[in-house]
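Thanks for making time this morning; I would like to walk you through one model, going from a single residue outwards. Please have the structure open in front of you as I talk.

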Amino acid sequence: MNAIPFINLPNKPCHSQFDDQDWQILAQHWYPVARIEDVSSKPQQVTLLDMNLALYKTETGQIHLARDICPHRGVPLSKGWVEGDTLICPYHGLHFNEDGKCSKIPAQPDLTHISERFSLTKFPVVLKYGLVWTSILGRDESLANFPVLDTWESETHQAILPPSVDIAGSSGRQLEGFIDVAHFAWVHHQAFADRHNPVVPKYSTERTDYGLHTNYISNVSNYPHGIQHLAPDDFLWERIFDVYPPFSAMLTIHFPNDGVLKILNACCPVSHNKTRLFVPLTRNFDTTGDLQAVYDFNAQIFAEDQEMVEAQKPEELPLDMSMEAHFEADRSSAMYRRILAEWGLSKRYTV
Ligand code: FES
Ligand SMILES: [Fe+2]
């Protein structure tokens, strides 16, 4: 997997604290910005890499993303509204069609030609795993390093999409925490792990064309504490992590009786120290079970992680390996950092 070459499109917003080159590299990639079910004809603002975007659906059902700034006088278009297939700015009523072209200036109804300068900056939209994905600079969807959640539309797996979670921490730190197997016993001892079982057995991690692949086998149950007796005593739990840099990772967990749970950890890097986390998941067991219980268990685990991620310093991931200490069980996260460093992200990668 190679870094995607630069192309000239929008610049880094001036208030952004990302290093210029880091922003240029990260802006080539694709990220989820919202759940499809949360998009409506009422425009809303979402933020990706410090750039505000207006997200809305037109009458045809098409979902659009445009830079959230009117080309006329800079009012956020998310304060406007949709009529049919047209987005209308609330300040002087300019109309924008589905291509982002200005189709009407109400103050000058006789204008025969409206300049391209009035056009919106639009962003591509890809719908995947119940989420709206986009990229600021990456225009070619075929170059995107989308994570693979192949059970999302399977008839034998139930697809579940909990609400997103806002984290006051960087996406790199959050993602690294998701693939960290040594923290289970310490951070998740109330949910499923055990402080008396902290040892991480040796595991393998390999580079792939999309990122990295880790296979981790241990006796750490993935059942909540109350039902851990349901697994046979000698059951070994297999957890497979597939990391799709920069900020997505898939976790596949094999349960007793051929149960499979897949969890996609997909970060939207809102800013250098803010993340909106989306977690689509699928399972082939308990498929008619109580969804609220799934939401609650996930919320508990991610809240436990959140406390750590929001407290870490520096806020961004230090790609210079000498800035932090590492032990053998960190091999996945060390490889993850090396990939980001190879892409040209700054060694300090911090502010
Ligand atoms: S600022 Fe949008 S129409 Fe004038
Ligand atoms: Fe965790």
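**A buried asparagine, a metal site and a helix**

Let me begin with N222, which is found in the loop between β15 and β16, where strands (E, at least two residues) and helices (H or I, at least four) are DSSP runs numbered from the N terminus. Before I go further, this is a predicted model, in which local features need pLDDT of at least 70 and side-chain atom pairs count only at pLDDT 80 or more, while totals for chains, interfaces and linings use all residues. Residues are numbered from 1 along each chain as its sequence is written, chains are lettered from A and ligands numbered from 1 in the order in which they are written, and side-chain values use heavy atoms, with hydrogens and water left out.

N222 has a relative accessible area of 9% and is therefore buried, a word used for anything under 20%, with exposed over 50% and partly exposed in between, using a 1.4 Å probe and protein chains only. Its side chain makes a polar contact with the side chain of R239 at 2.9 Å; such a contact is a pair of N or O atoms within 3.5 Å, where within protein one must be able to donate a hydrogen and the other to accept it, and residues adjacent in sequence count only if both atoms are side-chain atoms. Leaving aside residues up to four places away in sequence, N222 touches F192, W237, R239, I253, F255, L261 and F297, contact meaning heavy atoms within 4.5 Å.

Now to the metal. Which protein atoms are the donors of the iron ion (ligand 2)? They are NE2 of H183, NE2 of H188 and two OD atoms of D305, lying 2.0 to 2.5 Å from the ion; donors here are N, O and S atoms within 2.8 Å of the metal (3.2 Å for Na, K and Ca), and since water is not among the atoms, sites may look incomplete. H183, in the loop between α2 (171–178) and α3 (184–187), and D305, in helix α4 (residues 291–311), are 122 residues apart, so that the pair links distant parts of the chain. Both H183 and D305 are buried.

Finally, helix α5 (residues 331–342) is mostly covered, with nine of its 12 residues buried, among them M335, Y336 and R337. The cover over those buried residues includes α2, β14 (204–207), β15 (212–218) and β16 (237–244). Just after α5, G344 takes a positive phi of about 100°.
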